[in-house]
Amino acid sequence: MRTLAVLNQKGGVGKTTTVANVAAALALKGQRILVIDLDPQAHLTIHLGADSNPDVPGIYEVLTGSADIASAAIPVRENLQVLAASINLVGAESELVDEVGRETILHNALERVRGQYEYVMIDCPPSLGLLTLNALSAVTEVLIPVQPHFLALQGFSRLLQTIELVQSRINPALHVTAILMCMYDSRTSLSAEVLEDIDRFLQNARHHDVPWSRASIIPVHIRRNIKLAEAPSYGKTIFEYEPTCNGALDYMAMADWLLTGTLPGEPHTEPPSLTANPNCEPGEARPNGG
Ligand code: ATP
Ligand code: MG
């Protein structure tokens, strides 16, 4: 069972869009997948057309001990289940503040469904509080979506420090698998500059003992595509809303990369989590020319 947290404390970079559509792509490819909506905004829950009603058990009830994942996970598509968020989640961080082992509640809950899914993906809130700590304690891989913006890397060091802290104190297996460029626009020099900055940063980390020393930039960039912004309001994934648009092609290619470590038409190698390619160039094998 591969477990991934999609995390960036910066808001609006594409975390939820990525979880919804990569999960949908993996499910279409026959992988059994559980997605967890750890954001009180419940955008993932709504995007997948699930119920964010506070009376229906979801992630809040799992964290507070009144439900387990097996009973709270809602099937939303073939092979795809969601542990839904509701407005109750707003209070979870303060309610759990006196709880012993409060950072590892989700980890313990996931242990009980180990083997029932091939993938578990967590949509984190845009913060580094207790909910995010629970995600980082529960997974082995972190995916960091980045929007090519002139302050794209602002806050990056705090994000990485938090990952390092959780790795050293709670979860030794935790590592950053990859950075994903979202809302990418190959026509702007800013997109290319941000990409170069990240690449340089990752290259510098190669010989250091840090949880991102094997991270690579995913060789699929998710292009800016209005269809990706429209689909959530219909409770649809991009494959249901506009299956031939660039957004659908990009997320399907990203799912291929996660599954096999390659893009369609490339020779097969081991999955990226096993062989995180230290030499991966950001411009390599990009299907969208971005
Ligand atoms: P938050 O931090 O608030 O949880 P987020 O990181 O989860 O935000 P999203 O909600 O996925 O970000 O995306 C922010 C907005 O950008 C949404 O309106 C979404 O529909 C839109 N969006 C995401 N990816 C793309 C894209 N590739 N092209 C166009 N719009 C996009
Ligand atoms: Mg979100």
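**Ligand 1 and the empty space in this model**

There's one cavity of 30 Å³ or more here, and keep in mind that this is a predicted model. Ligand 1, for its part, sits in the largest pocket. Taken alone ligand 1 exposes 630 Å², and the protein buries 81% of that.

**Who surrounds ligand 1**

- There are 18 residues around ligand 1, and the ones that come nearest are Gly12, Lys15, Thr16, Thr17 and Asn225.
- Sorted by class, that shell splits into seven polar, six nonpolar and five charged residues.
- Two elements, α1 (15-28) and α10 (226-230), each give two or more residues to the shell.
- Helix α1 supplies the largest share of the shell, with three residues.

**Polar contacts to ligand 1**

- Thr17 puts a polar side-chain atom 2.5 Å from an oxygen atom of ligand 1.
- Asp39 also has a polar side-chain atom facing up to a ligand 1 oxygen atom, at 3.4 Å.
- With Arg223 the backbone does the job: one of its polar backbone atoms is 3.0 Å from a nitrogen atom of ligand 1.

**The cavity**

- The largest cavity holds about 30 Å³ of space.
- Its lining includes Asp51, Ser52, Asn53 and Val56, along with Gly58, Ile59, Tyr60 and Glu61.
- Ala84, Ala85 and Ser86 also line the largest cavity.
- By class, the lining of the largest cavity has five nonpolar, four polar and two charged residues.

Methods. Residues numbered from 1 in each chain as written. Chains lettered and ligands numbered in written order. Predicted model: local features only at pLDDT ≥ 70, side-chain atom pairs only at ≥ 80, totals over all residues. Heavy atoms only, no water. Near = heavy atom within 4 Å. Polar contact = N/O pair within 3.5 Å; in protein donor to acceptor, adjacent residues only side chain to side chain. Areas by Shrake-Rupley, 256 points an atom, 1.4 Å probe, with all protein chains shown as cover. 1 Å grid on protein atoms, 1.4 Å probe; cavity = no way out; pocket = protein on both sides within 12 Å on 5 of 7 lines; lining within 4 Å. Sits in = over half its atoms within 2 Å of the grid points. Helix = DSSP H or I, 4+ residues; strand = E, 2+ residues; numbered from the N terminus. Nonpolar A, V, L, I, M, F, W, Y, C, P; charged D, E, K, R; others polar. Points joined across faces, edges and corners; volume = space filled by probe spheres on them.
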